[in-house]
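Welcome to this guided tour. Open your viewer, get comfortable with rotating and selecting, and follow along stop by stop.

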Amino acid sequence: MAIYNPKSHIAEEFINHEEILETIRYAEENKNNVELIDQILEKARPRKTEDGIRCAGLTHREASVLLACDIPEKIEDMYRLAKEIKLAFYGNRIVLFAPLYLSNYCINGCVYCPYHTKNKHITRMKLTQEEVRKEVIALQDMGHKRLAIEAGEHPTMNPIEYILECINTIYSIHHKNGAIRRVNVNIAATTVENYRKLKEAGIGTYILFQETYHKESYLELHPTGPKHDYAYHTEAMDRAMEGGIDDVGLGVLFGLEKYKYEFAGLLMHAEHLEAAYGVGPHTISVPRVKRADDIDPSVFDNGLSDDIFEKIIACIRIAAPYTGMIISTRESQQVREKVLELGISQISGASRTSVGGYTEEERPHDSEQFDVSDQRTLDEVVNWLIDRGHIPSFCTACYREGRTGDRFMSLCKSGQILNCCHPNALMTLAEYLTDYASEDTKEKGFALIEKELQKIPREKTRQIAERNVEAIKSSNSRDFRF
Ligand code: SAM
């Protein structure tokens, strides 16, 4: 039997089945232990220190106690704390991005994904470089600056060379004032050598969802193809780190397995990265299984209610205070509205989950990976965020200034976000408003920028930011950053 060891590089030692079962037992026993719950909440509170703000975070055991707790007042306390932590490290900024599907050729057998190899009727497509160009121009014309590229796993149709070529193409396109300044990559687990190549190609975050941490279920849900190898998949982030990628994004596909198990596994994975590499995950995503071409999500009997889903998000925020949290358009406007108050820091907008989807007038369904719930345009999403008191941000400065891995985390902890990320968000929002927004969004957005500029504490920084916003409005000068 494997022994739990967060520093180990062996999947079943850092994601340890016995430890997860023990954690669930401990959480169940303590779910009404108000004294312990209060202690845990107290431990997780943000504290001012000489050089910034610190949060202790929580262990998977502590966080699992919070997740198990059903006491309404305590859940309210959790939600308040989650919001407080989000504001302490990420302010009221929400970063926007869009997925770009390159190819749905896939040799895996994932039973929840319509791209599985046995699906013979789905339209298989792979973008040529000319098609990548068209998609990127369509995304730039909406106002996007940050993409997550997505592809199935296929050694001959989508080899690493194809992915690298697409990344090059994406970065090379500058249509009008547009540019894609950060490309995150969500492709199947690969080798250290390939991760090194991705790093050299200038990617932002390498994202890979674990789908489920439960090994037995994992093997059943991935019956065929290279993804069947649980250890290879689970140890992918270790290889990515070895290949020099220090911004990695974790995620679970909620609905496949029991959520308490997944939650503990996810936090153990984050603890492992911290213990083994000194830096936690850059992001955590929380996708839920959705209806898709030949996929009926109700066949997986672990679907979550919105209430539980919200509690999971708040508890992750409290446990992993410095990690970005992502919600996609798999979720409806209502759910997104709620979870934006519980710790989410990045959202996708105007997404198309089909290969070539951005150049089609109508939303194409024949090559979609899953149904999109939130189908609003980017302008509508930006407008809605502003109405709800968030700053829509198109910032990509950190990684372009070399602030990745622990350097990003130090900035996060330093409390300097108001002198750095905040003005960057405002300047990139000014770019969006000037180049792409509707009149209504523009009006509201510039009023917000005016107000938010006053919150920049350092006078010199505020003056520079004000000057840059004016330059963006009145000229084609773009891409200012701190
Ligand atoms: N092919 C890559 C891999 O295997 O990791 C990554 C790309 S895949 C396009 C991105 C993610 O979509 C998967 O990791 C999975 O979690 C999610 N996904 C697949 N089918 C889904 C469904 N029916 N509903 C919601 N999300 C789904």
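Before the first selection, one term: a residue is called buried if its relative accessible area is under 20%, exposed if over 50%, and partly exposed in between. Please also keep in mind that this is a predicted model.

**Stop 1: a residue in helix α13**

Select I318, which you will find in helix α13, residues 306-319. Is I318 buried or exposed? Its relative accessible area is 0%, so I318 is buried. Now show what surrounds it. Setting aside residues up to four places away in sequence, I318 touches A44, G57, L58, L66, M78, L81, A82 and I85. For a residue elsewhere, add G204: the C-alpha atoms of I318 and G204 are 25 Å apart in space, and the two residues are 114 apart in sequence.

**Stop 2: the whole chain**

Zoom out and switch to a cartoon view. The chain has 20 helices and 11 strands. Its C-alpha atoms fill a box of roughly 65 × 55 × 40 Å along the principal axes. A compact globule of 482 residues would have a radius of gyration near 23 Å, and the chain agrees with that, because its value is 21 Å. Of the 482 residues, 61% count as buried.

Try a surface view next. The chain exposes about 18,600 Å², and carbon and sulfur atoms supply 50% of this area. If you colour by charge, you can look for 60 positive and 74 negative charges, whose mean positions are 5 Å apart. Contacts are worth a thought too: among those with a separation of 6 or more, 74% join residues 24 or more positions apart.

**Stop 3: a loop residue**

Go to N30, in the loop between α2 (17-29) and α3 (34-44). Its relative accessibility is 12%, so N30 counts as buried. Apart from residues up to four places away in sequence, N30 touches L36, I37 and V65.

**Stop 4: aromatic rings, edge-to-face**

Now show the aromatic side chains. How many aromatic pairs does a search of the whole structure find? The search finds six. Select Y218 and Y230, which form an edge-to-face pair, 5.3 Å centre to centre with 80° between the planes. Y218 lies in helix α9 (residues 215-221) and Y230 in helix α10 (residues 230-234), so the pair ties together parts that are 12 residues apart in sequence. Y218 counts as buried because its relative accessibility is 0%. Y230, at 3% relative accessibility, counts as buried too.

**Stop 5: aromatic rings, stacked**

Select F394 and Y432 for a stacked pair: 5.0 Å centre to centre and 10° between the planes. F394 sits in the loop between β11 (391-393) and α16 (397-400), while Y432 belongs to helix α18 (residues 421-435), so this pair ties together parts that are 38 residues apart in sequence. Both F394 and Y432 are buried. Add Y436 to your selection, and you have a cluster: ring pairs link F394, Y432 and Y436.

**Stop 6: back to helix α9**

Finish with K215, in helix α9. With a relative accessibility of 32%, K215 counts as partly exposed. Which residues is K215 in contact with, leaving aside its neighbours within four places in sequence? They are E12 and Y230. You met Y230 in the edge-to-face pair with Y218. From K215 to Y230 is 6.7 Å in space, C-alpha to C-alpha, across 15 residues in sequence.

Key. Residues numbered from 1 in each chain as written. Predicted model: local features only at pLDDT ≥ 70, side-chain atom pairs only at ≥ 80, totals over all residues. Heavy atoms only, no water. Helix = DSSP H or I, 4+ residues; strand = E, 2+ residues; numbered from the N terminus. Rg over C-alpha atoms; globule rule 2.2 N^0.38 Å. Buried < 20%, exposed > 50% of the residue type's maximum accessible area, 1.4 Å probe, protein only. Contact = heavy atoms within 4.5 Å. Areas by Shrake-Rupley, 256 points an atom, 1.4 Å probe, with all protein chains shown as cover. Lys, Arg positive; Asp, Glu negative; His and termini not counted. Charge placed at Lys NZ, Arg CZ, Asp CG, Glu CD. Phe/Tyr/Trp six-rings, centres within 6.5 Å; stacked < 30°, edge-to-face > 60°.
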